[in-house]
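Please look over the sequence and the structure below before reading on. The report after them takes up a few places in turn.

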Amino acid sequence: ILVFTIVIAFLHNLAQYLMYTLHRQKLILIIYALGLSFNLVLCYLLVPEAPLRGACQAILYTKLAIGLCTVSYCQVKLTLFPWKTLAQYLGALVVGGGLYFVGSTYVLREVGEILALAPVLWLAWKWKQEFDTLRSSQKK
């Protein structure tokens with residue numbers, strides 16, 4: 001479970017540094033204070049039932065909440081990713097998550113993992129084709 005925090009922390013740290021350059025230190029402090037409160041509530045709710053799993057889930061959900069706050073702020077203020085690209089990627093992630101659930105529930109976990117990669121790989125292939133087309137049209 002905790003491996004997902006690596007990706008979230010990477011994006012959050014990039015967004016956090018962008019917020020520093022925008023002089024939004026007070027907003028970052030507020031986000032961290034809310035994240036701390038959120039983490040305390042999650043720990044209170046999740047840890048007594050299953051200590052290790054609950055602590056891992058509390059960490060993951062807190063990182064996700066803080067990361068969503070900082071990356072969303074930067075996305076709205078700076079448009080880090082074009083909205084069309086962001087929508088395509090989020091769509092591929094949702095479809096991949098659904099395929100993972102179906103594949104790992106009804107077949108094997110490994111099948112679910114391979115199926116989950118398919119939409120993201122297809123999107124990467126599609127973007128590469130668009131990039132190659134754009135690059136070849138610029139050379140003319």
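What follows is a short report on three helices and a patch on the surface.

## Basis of the report

The model described here is predicted, and the values given below are computed from its atoms.

## The helix α5

Helix α5 covers residues 109–139. Because each residue should add 1.5 Å, the 31 residues of this helix should span 45 Å, and the end C-alpha atoms, which are 45 Å apart, agree with that expectation. The helix α5 nevertheless bends by about 30° at A118, and a proline, P119, follows within four residues of that point.

The buried residues of α5 are G112, A116, P119 and L123, so that P119 appears both just after the bend and among the buried positions, each of which has under 20% relative accessible area. As a group, the buried residues of α5 pack against α4.

## The end of α4 and a nonpolar patch

Helix α4 runs over residues 83–106, and Y106 lies within it. Y106 counts as exposed because its relative accessibility is 64%, where the cut-off for exposed is over 50%.

Y106 also belongs to a nonpolar patch on the surface, which F101, V102, V107 and L108 form together with it, and the accessible area of these residues together is about 560 Å².

## A buried threonine in α3

T62 is found in helix α3, which comprises residues 51–78. With a relative accessible area of 9%, T62 is buried, and, leaving aside residues up to four places away in sequence, T62 touches G35, F38, N39 and L42.

Technical notes
Residues numbered from 1 in each chain as written. Predicted model: local features only at pLDDT ≥ 70, side-chain atom pairs only at ≥ 80, totals over all residues. Heavy atoms only, no water. Patch = residues over 30% accessible without salt bridge, like charges linked within 9 Å, V, L, I, M, F, W, Y side chains within 5 Å. Areas by Shrake-Rupley, 256 points an atom, 1.4 Å probe, with all protein chains shown as cover. Salt bridge = Lys/Arg side-chain N within 4 Å of Asp/Glu carboxyl O. Helix = DSSP H or I, 4+ residues; strand = E, 2+ residues; numbered from the N terminus. Buried < 20%, exposed > 50% of the residue type's maximum accessible area, 1.4 Å probe, protein only. Expected span 1.5 Å × (residues − 1). Bend = angle between axes of the 7 residues up to and from the residue. Contact = heavy atoms within 4.5 Å.
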